[in-house]
Amino acid sequence: MGSIRFIDLNKVEAAEANRHNTIVFIQDAEINLRIAWKDFLEKSGESFIRVHRSYAVKKRSIKTIDSKNILLTSGRKIPYVKKYLNDFLDEDYIEKIKYNKNAEKTAD
C-alpha cells in the first residue's frame, strides 16, 4: 500500500478533472489525487466554483477575468466557459472586470 497524503483545501487554488482522478493546484505545485471529479466538487464545498467542464477555482484565488481565462493570484491561468461563470457572477460584474482590464492596458 502506498502512502496517504492529506491536502489542506485552504491552500488549493484550483482543480482539474483528469480521467478518474483530480489534479489540484497549490501555488507552483500540481498534485494528482485519486478522487473522482464529482466527489472533489462535493467535498470542496462553496469555496470552489466550477468554471469549466474540467476546472474549478477557489473564489478568493481569482485575481482577474478576461475573455478566455481566469488569472489566479499565483499567476496560473484557468480557462472558463461563460455559462459556468454566470452561476457565480452576474453579467454586469463580468463586464466591469473586462472594462477594468482594458483600462489597465490603455494606461500602460
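These exercises work through one predicted protein model, with a solution after each task.

Residues are numbered from 1 along each chain as its sequence is written. In this predicted model, local features need pLDDT of at least 70, side-chain atom pairs count only at pLDDT 80 or more, totals for chains, interfaces and linings use all residues, and side-chain values use heavy atoms, with hydrogens and water left out.

**Exercise 1: The chain as a whole**

Task: State how many helices and strands the protein chain has, and in what pattern they follow.

Solution.
Step 1. Know the terms. Helices (H or I, at least four residues) and strands (E, at least two) are DSSP runs, numbered from the N terminus.
Step 2. Count. The protein chain has 3 helices and 8 strands.
Step 3. Read along the sequence. The pattern is β-β-β-α-β-β-β-β-β-α-α.
Step 4. Add the burial. Buried means under 20% relative accessible area, exposed over 50%, and partly exposed in between (1.4 Å probe, protein chains only). Of the 108 residues in the protein chain, 33% are buried.

**Exercise 2: The two faces of helix α1**

Task: Find which residues of α1 are buried and which exposed residues lie on the face turned away from them.

Solution.
Step 1. Locate α1. It spans residues 37–44, and its buried residues are Trp37, Phe40 and Ser44.
Step 2. Check their directions. These residues cover an arc of only 60 degrees around the axis, so they sit on the same side of α1. The arc is taken from the directions that run from the helix axis to the C-beta atoms.
Step 3. Turn to the other face. Away from the buried side, α1 carries the exposed residues Lys38, Glu42 and Lys43.
Step 4. Test one of them. Lys43 counts as exposed because its relative accessibility is 62%.
Step 5. List its contacts. Contact means heavy atoms within 4.5 Å. Leaving out residues up to four places away in sequence, Lys43 touches Leu9 and Ile35. Lys43 and Leu9 are 34 residues apart along the chain, and their C-alpha atoms are separated by 9.7 Å.
Step 6. Ask what covers the buried side. The cover includes β1 (14–18), β2 (21–26), β4 (48–50) and β5 (55–58).
Step 7. Look just past the helix. There Gly45 takes a positive phi of about 70 degrees.

**Exercise 3: The aromatic cluster**

Task: Classify the ring pairs that link Trp37, Phe40 and Phe48.

Solution.
Step 1. Recall the method. A pair of aromatic rings is described by the distance of the centres and the angle of the planes.
Step 2. Set the cut-offs. Rings of Phe, Tyr and Trp (its six-membered ring) pair if their centres lie within 6.5 Å; planes under 30 degrees apart count as stacked, over 60 as edge-to-face and the rest as tilted.
Step 3. Count. This rule gives 2 aromatic pairs.
Step 4. Take Trp37 and Phe40. Their ring centres are 6.1 Å apart and their planes are at 15 degrees, so this pair is stacked. Both residues lie in helix α1, 3 residues apart, about one turn of the helix.
Step 5. Take Phe40 and Phe48. Here the distance is 5.6 Å centre to centre, with 75 degrees between the planes, and the pair is edge-to-face.
Step 6. Check burial. Phe40 counts as buried because its relative accessibility is 4%. Phe48 counts as buried because its value is 7%.

**Exercise 4: The sheet**

Task: Give the strand order of the open sheet of 5 strands, and name its edges.

Solution.
Step 1. Define pairing. Two strands pair if DSSP finds at least two bridges between them.
Step 2. Write the order. It is β3-β2-β1-β5-β4, with antiparallel pairing.
Step 3. Find the edges. β3 and β4 each pair on one side only, and they are the edge strands.
Step 4. Follow the bridges. β2 and β3 (residues 29–33) pair over 5 bridges, β1 and β5 over 3 bridges, and β4 and β5 over 3 bridges.
Step 5. Name some partners. Phe25 is bridged to Glu30 in β3. In β5, Tyr55 stands opposite Glu16, Ala56 opposite Arg50, and Lys58 opposite Phe48.
Step 6. Inspect the hairpins. β4 and β5 form one with 4 residues between them. The hairpin of β2 and β3 has 2 residues between the strands, and Gln27 takes a positive phi near 45 degrees there.

**Exercise 5: The sides of β5**

Task: Sort the buried residues of β5 by the way they point.

Solution.
Step 1. Recall the rule. In a regular strand the side chains alternate between the two faces of the sheet.
Step 2. Sort. Tyr55 and Val57 point one way from β5. Ala56 and Lys58 point the other way.
Step 3. Check burial. These four residues are all buried.
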